[in-house]
Number of protein chains: 2
Amino acid sequence: MIVKQFHLESLGHASYFIGAEETGEALVLDIRRDVSPYLDEARRLGMNIAYAIETHQHNDYVTGICELANRVSVQCLAGKHANVGYDARSMSDGERLTMGEVVFQILHTPGHTPEHISVLVTDRSRGEEPVLLLSGGALLVGDVARPDLLGGTEEAAKHAETMCKMLQEKILTLPDYVEVYPTHVSGSLCGGNIGSRLSTTIGYERRMNPVLADLDQKDRFVKQCLDLEHLPGVPPYWPRMRKMNTDGPPILGSLPEPPALQPDQFERQQQAGAIIVDCRQAEAFSTHIPGALNVGLGSSFATWAGTVVPADSSVLLVLDKPDDL
Amino acid sequence: MIVKQFHLESLGHASYFIGAEETGEALVLDIRRDVSPYLDEARRLGMNIAYAIETHQHNDYVTGICELANRVSVQCLAGKHANVGYDARSMSDGERLTMGEVVFQILHTPGHTPEHISVLVTDRSRGEEPVLLLSGGALLVGDVARPDLLGGTEEAAKHAETMCKMLQEKILTLPDYVEVYPTHVSGSLCGGNIGSRLSTTIGYERRMNPVLADLDQKDRFVKQCLDLEHLPGVPPYWPRMRKMNTDGPPILGSLPEPPALQPDQFERQQQAGAIIVDCRQAEAFSTHIPGALNVGLGSSFATWAGTVVPADSSVLLVLDKPDDL
């Protein structure tokens with residue numbers, strides 16, 4: 001069994017490519033929008049991406065699941081409670097999918113979002129016991145994913161209660177030695193205290209994860225989950241992301257490269273209402289085009305740009321050098 | 001704690017970069033000869049590589065530990081039984097090294113080689129229990145590293161006995177949830193049945209590793225370790241590698257790019273005794289320069305080239321296109 005993690009530092013996002021050597025099939029999970037790295041990996045290994053699946057409808061980035069389905073012949077899968085707008089085979093709690101010696105078992109693990117699933121993976125070429133859990137947001141390194149993204153405080157408390165029960169009944173019944181590969185990793189705004197490692201194990205989290213220590217006292221667990229002071233602010237673009245991911249995002253195909261503009265072209269577009277995003281560092285921004293917003297290039301560029309730029313705006317970028325594009 | 005695995009598919013080799021955010025220090029383990037990826041990673045993270053260590057004196061590739069020490073100010077470490085020719089701080093069984101919240105504990109784990117150590121890592125920012133084992137060849141994914149590389153059958157049997165005891169007393173006393181990051185991974189000739197995943201856990205191997213099933217019957221374990229039919233042939237260059245790694249390999253600095261040769265220059269060098277290695281695929285080799293050896297480019301190029309080309313030869317490469325260099 002091939003396991004490859006793709007780490008996108010800018011979003012604190014990890015996605016996964018799991019391959020079965022016996023059949024040459026692969027499954028991709030929690031797909032980033034630029035799907036070329038998965039296609040490159042499949043080509044390199046001589047494998048076909050046969051399945052694509054999301055653990056939940058993300059708030060924090062646009063899924064590439066439809067993009068992938070547009071590029072290769074892939075069956076999309078979705079948890080039974082997901083109601084997605086794109087064509088996907090519905091998977092119930094406990095249902096299995098087999099790819100050669102690799103068996104994926106769907107676990108309905110609500111809490112972070114109501115439709116959330118995790119995927120428990122067994123490599124039958126090694127044995128009949130599970131080897132790893134693709135946990136999405138159900139269990140993170142040193143944390144769990146926040147349950148407060150949908151609705152107000154009352155709804156968040158309900159989701160936290162659901163999460164408490166789910167962790168006790170679904171996650172912590174797994175053996176200690178099972179590896180845990182989450183979708184939200186350090187840098188994601190979906191948790192307040194995510195550790196910097198990119199994977200963990202059930203047993204290590206059972207012992208060391210401070211959130212799990214309160215599991216047997218539901219009220220304390222819920223209170224901890226709702227302690228929003230430990231959680232980062234929610235960027236305004238997130239609710240749009242979730243709807244877009246549920247509907248099925250529009251296909252990009254390949255992205256055209258934005259053209260370099262002459263000063264008069266730049267000015268015309270500015271007068272037509274485009275937002276100027278100056279991507280230089282703060283020091284350089286001290287002399288800037290009037291009206292420009294400053295979002296310095298760095299690992300959180302996408303999050304900050306999404307926070308300050310209104311949806312559907314035309315954008316003019318100011319860069320230090322062409323390579324920064 | 002930052003944990004990054006560097007995977008070199010051509011040699012079935014994994015090396016590790018472990019960083020402590022608290023102090024900005026990093027340790028690199030089982031170092032590939034081209035050290036630029038570690039330096040790039042350190043630069044990207046704003047960290048200093050403070051320590052470099054080898055789990056054992058490798059047979060299968062040249063270590064980059066001296067190369068690294070030549071490029072940055074790094075303290076080399078070595079297991080107490082290693083007797084290396086380069087300047088290194090000797091680390092005893094059980095000894096600890098601290099880097100911010102990260103604690104490395106040296107375990108003498110002989111068997112694959114007599115001086116072999118593993119490194120048990122604790123992240124005190126999470127808790128006082130170990131999080132992962134840098135196992136070198138002491139425990140692999142689905143296998144253990146072969147004990148037959150030094151000496152004849154009798155010596156190999158002795159090493160296998162040592163390994164049996166070491167696994168029982170040092171490795172399998174660790175908790176199930178501890179992650180295991182080996183140096184020899186799929187594609188390495190240091191094991192006969194290494195699985196394709198690039199990491200595992202103590203508990204998963206305890207249950208699924210067929211070699212460990214025989215641990216309580218020493219004679220069966222030794223017999224299984226000496227069943228050389230399941231092991232790949234040992235390339236003739238390996239004994240040289242081990243000596244070179246023990247002495248401390250000569251420094252490369254930066255490698256010059258081999259020049260493209262005109263036919264008359266090529267012929268002159270051939271007449272002076274250079275070996276022609278034709279790197280094209282077998283089909284293209286059907287028309288080749290008389291006397292050329294064919295080693296097609298691919299993931300095992302280095303191993304095959306090292307097997308057929310005599311040591312210290314001058315080499316003339318035949319390539320399809322400049323990019324193949």
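The exercises below work through a predicted model with two chains, A and B.

**Exercise 1. The two copies**

Task: Determine which rotation superposes chain A on chain B, and how the two copies are thus related.

Solution: Begin with the superposition itself, in which a rotation of 180° with 0.0 Å of shift along its axis brings chain A onto chain B with an RMSD of 0.1 Å. The two copies are thus related as by a two-fold rotation axis. To place this axis in the structure, look for Y177(A), which is the residue of chain A that comes closest to the axis, its C-alpha lying at 2.2 Å. Finally, turn to the interface: 100% of the interface residues of chain A are also interface residues in chain B, so the copies meet through the same surface.

**Exercise 2. Two packed helices in chain B**

Task: Describe how α3(B) and α5(B) cross, and state which residues meet.

Solution: Two packed helices are described by the angle between their axes and the distance between the axes. Here helix α3 of chain B, residues 153-171, and helix α5 of chain B, residues 218-225, have axes that come within 9 Å and cross at roughly 125°. An angle between 115 and 145 degrees counts as oblique, and α3(B) and α5(B) are therefore oblique to each other. The next step is the sense of the crossing of α3(B) and α5(B), which is right-handed. The contact itself is made by A157(B), A160(B), E161(B), M163(B), C164(B) and L167(B) in α3(B), which meet K218(B), F221(B), V222(B) and C225(B) in α5(B). Sorted by class, the residues of this contact of α3(B) with α5(B) comprise 8 nonpolar, no polar and 2 charged.

**Exercise 3. The corresponding helices in chain A**

Task: Find the angle and the axis distance for α3(A) and α5(A), and then the handedness of their crossing.

Solution: Helix α3 (residues 153-171) and helix α5 (residues 218-225) of chain A pack at an angle of about 125°, and their axes are 9 Å apart. The helices α3(A) and α5(A) are therefore oblique to each other, and α3(A) passes α5(A) in a right-handed crossing. Among the residues of α3(A) that take part in the contact are M163(A) and L167(A), while those of α5(A) include F221(A) and V222(A). By class, the contact of α3(A) with α5(A) has 8 nonpolar, no polar and 2 charged residues.

**Exercise 4. An open sheet in each chain**

Task: Give the strand order of the open sheet of 6 strands in chain A and name its edge strands.

Solution: The order of the strands in chain A is β7-β8-β9-β10-β11-β12, and their pairing is mixed. The edge strands of chain A are β7 (96-99) and β12 (200-201), each of which pairs on one side only. Within this sheet, β8 (residues 102-108) and β9 (residues 117-123) of chain A pair in the antiparallel sense over 7 bridges, and V102(A) stands opposite D123(A) in β9(A).

Chain B also has an open sheet of 6 strands, in the order β7-β8-β9-β10-β11-β12 and with mixed pairing. In chain B, β7 (96-99) and β12 (200-201) stand at the edges with a single partner strand each, so one side of each is left without a neighbour in the sheet. The strands β7(B) and β8(B) pair in the antiparallel sense over 4 bridges, and the bridge partner of L97(B) in β8(B) is F104(B).

**Exercise 5. Parallel pairing around V277(B)**

Task: Identify the residues paired with V277(B) in β15(B) and in β14(B).

Solution: Strand β13 (residues 275-278) of chain B is joined by 4 bridges to strand β15 (residues 315-318) of chain B, and the two run parallel. In β15(B), the partner of V277(B) is L317(B). Then consider β14 (residues 293-294) of chain B, which pairs with β13(B) in the parallel sense over 2 bridges; in β14(B), L293(B) is the residue opposite V277(B).

Definitions and conventions:
Residues numbered from 1 in each chain as written. Chains lettered and ligands numbered in written order. Predicted model: local features only at pLDDT ≥ 70, side-chain atom pairs only at ≥ 80, totals over all residues. Heavy atoms only, no water. Least-squares fit on C-alpha atoms with pLDDT ≥ 70 in both. Contact = heavy atoms within 4.5 Å. Axes fitted to C-alpha atoms, helices over the stretch in contact; angles between N-to-C directions. Parallel < 35°, antiparallel > 145°, perpendicular 65-115°, else oblique. Left-handed = near helix turned anticlockwise from the far one by under 90°. Nonpolar A, V, L, I, M, F, W, Y, C, P; charged D, E, K, R; others polar. Pairing = 2+ DSSP bridges.
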